[in-house]
Amino acid sequence: MGQTDLSLPTAAMVRVMAEFFPYAVDIRLAPFWLPYGLLRGRDGVTLTDETFRATFGLIKLQTPRGNIDEAHGTRDYRWWTAAGVRMSLADEGLTFGTNRSAGVCVHFRDPVPSPLRAKAHSALTVTVADVDGLVRSLSATPNGPTHPGRS
């Protein structure tokens, strides 16, 4: 009779489950997002059990999921404030924008280091195709958000 190995799985055997939320792209705004190297289907938001990662071509922002304080849908942007990679003049937020219709504003407990400047960002807006799905997934995070998504 052979022996059965009842040891715990090794790190190599552990599967990381991920959800991917691609951007909803308005081709009319391409001049604002093409210079960043954005690729449809490759760029967007990736969630794992541990990490929130948003990519926008060459620009990336990542933080632990436990650092997410709140996420809510936002709609009907002015096109010039929603296209491309934009820093907010009103707060410390950042936008990865591909359309003017809708997105998700993700607020962080602790500001996240910026890919564009020395000062960190308190929030990130991403114009993903499945706004409600991303809000639901972030609201289901074991460590937060502390506030359910607002509409």
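In which order do the four strands of the open sheet line up, and is their pairing parallel or antiparallel? The legends below take that up in the second view, after a look at the whole chain, which is a predicted model.

**View 1. The whole chain: three helices and nine strands.**
If you walk along the sequence, you meet these pieces in the pattern β-α-β-β-β-β-α-β-β-β-β-α. The chain has 151 residues, and 43% of them count as buried. About 8900 Å² of the chain is exposed, with carbon and sulfur atoms supplying 56% of that area. Now think about which parts of the chain touch each other. Among contacts with a separation of 6 or more, 64% are between residues 24 or more positions apart.

**View 2. The four-strand open sheet, in the order β1-β2-β3-β4.**
Here's the reply to the opening question: the strands line up as β1-β2-β3-β4, and the pairing is antiparallel. Look for β1 and β4 (59–64) at the edges, where each pairs on one side only. From one strand to the next, the twist averages 10 degrees. A handy reminder for any sheet: strands pair through backbone hydrogen bonds, either parallel or antiparallel. Zoom in on β1 and β2 and you can trace five bridges between them, in the antiparallel sense. One spot to find is alanine 18, whose bridge partner in β2 is threonine 48.

**View 3. Threonine 63, a residue of strand β4.**
Is threonine 63 buried or exposed? Its relative accessibility is 6%, so threonine 63 counts as buried, the cut-off being under 20%. Its side chain makes a polar contact with the side chain of asparagine 67, at 2.9 Å. Skip the neighbours within four places in sequence, and threonine 63 is in contact with Glu50, Thr51, Phe52, Phe108 and Val112. Take valine 112 from that list: 49 residues separate it from threonine 63 along the chain, but their C-alpha atoms are 6.7 Å apart.

**View 4. The five-strand open sheet, in the order β5-β8-β9-β7-β6.**
This sheet has mixed pairing. Its edges are β5 (68–75) and β6 (84–87); each has a single partner strand, so one side of each has no neighbour in the sheet. The twist averages 20 degrees from one strand to the next. For a parallel pair, look at β7 (residues 94–97) and β9, which are joined by three bridges. Within this sheet, phenylalanine 96 stands opposite valine 126 in β9. You can also spot helix α3 lying across β5, β8 (102–112) and β9, where α3 runs at about 165 degrees to β5.

**View 5. A cluster of rings: Tyr23, Tyr36, Phe56 and Phe96.**
How many aromatic pairs does a search of the whole structure find? The count is six. In one of them, the ring centres of tyrosine 23 and phenylalanine 56 are 5.6 Å apart, and the planes sit at 70 degrees, so this pair is edge-to-face. These partners come from distant parts of the chain, 33 residues apart: tyrosine 23 is in the loop between β1 (18–22) and α1 (30–33), while phenylalanine 56 is in strand β3 (residues 51–56). Both tyrosine 23 and phenylalanine 56 are buried. Phenylalanine 56 also forms an edge-to-face pair with tyrosine 36, at 5.8 Å centre to centre and 70 degrees between the planes. Tyrosine 36 sits in the loop between α1 and β2 (44–48), 20 residues away from phenylalanine 56. Check how covered these two are: phenylalanine 56 has 0% relative accessibility and counts as buried, whereas tyrosine 36 is partly exposed at 26%.

**View 6. Threonine 127, in the loop between β9 (121–126) and α3 (131–139).**
Don't let the word "loop" fool you here. Threonine 127 has a relative accessible area of 1%, so this loop residue is buried. Its side chain makes a polar contact with the side chain of threonine 98, at 2.7 Å. Beyond its neighbours within four places in sequence, threonine 127 has several contacts, including Tyr77, Asn99, Ala102 and Gly103. Two names from the ring cluster, Tyr23 and Phe96, are also in contact with threonine 127.

Conventions:
Residues are numbered from 1 along each chain as its sequence is written. This is a predicted model: local features need pLDDT of at least 70, side-chain atom pairs count only at pLDDT 80 or more; totals for chains, interfaces and linings use all residues. Side-chain values use heavy atoms; hydrogens and water are left out. Helices (H or I, at least four residues) and strands (E, at least two) are DSSP runs, numbered from the N terminus. Buried means under 20% relative accessible area, exposed over 50%, partly exposed in between (1.4 Å probe, protein chains only). A polar contact is a pair of N or O atoms within 3.5 Å; within protein, one must be able to donate a hydrogen and the other to accept it, and residues adjacent in sequence count only if both atoms are side-chain atoms. Contact means heavy atoms within 4.5 Å. Rings of Phe, Tyr and Trp (its six-membered ring) pair if their centres lie within 6.5 Å; planes under 30 degrees apart count as stacked, over 60 as edge-to-face and the rest as tilted. Accessible areas come from the Shrake-Rupley method with a 1.4 Å probe; for residues, only the protein chains shown count as cover. Two strands pair if DSSP finds at least two bridges between them. Axes are lines fitted to C-alpha atoms, for helices over the stretch in contact, and angles run from 0 to 180 degrees between N-to-C directions.
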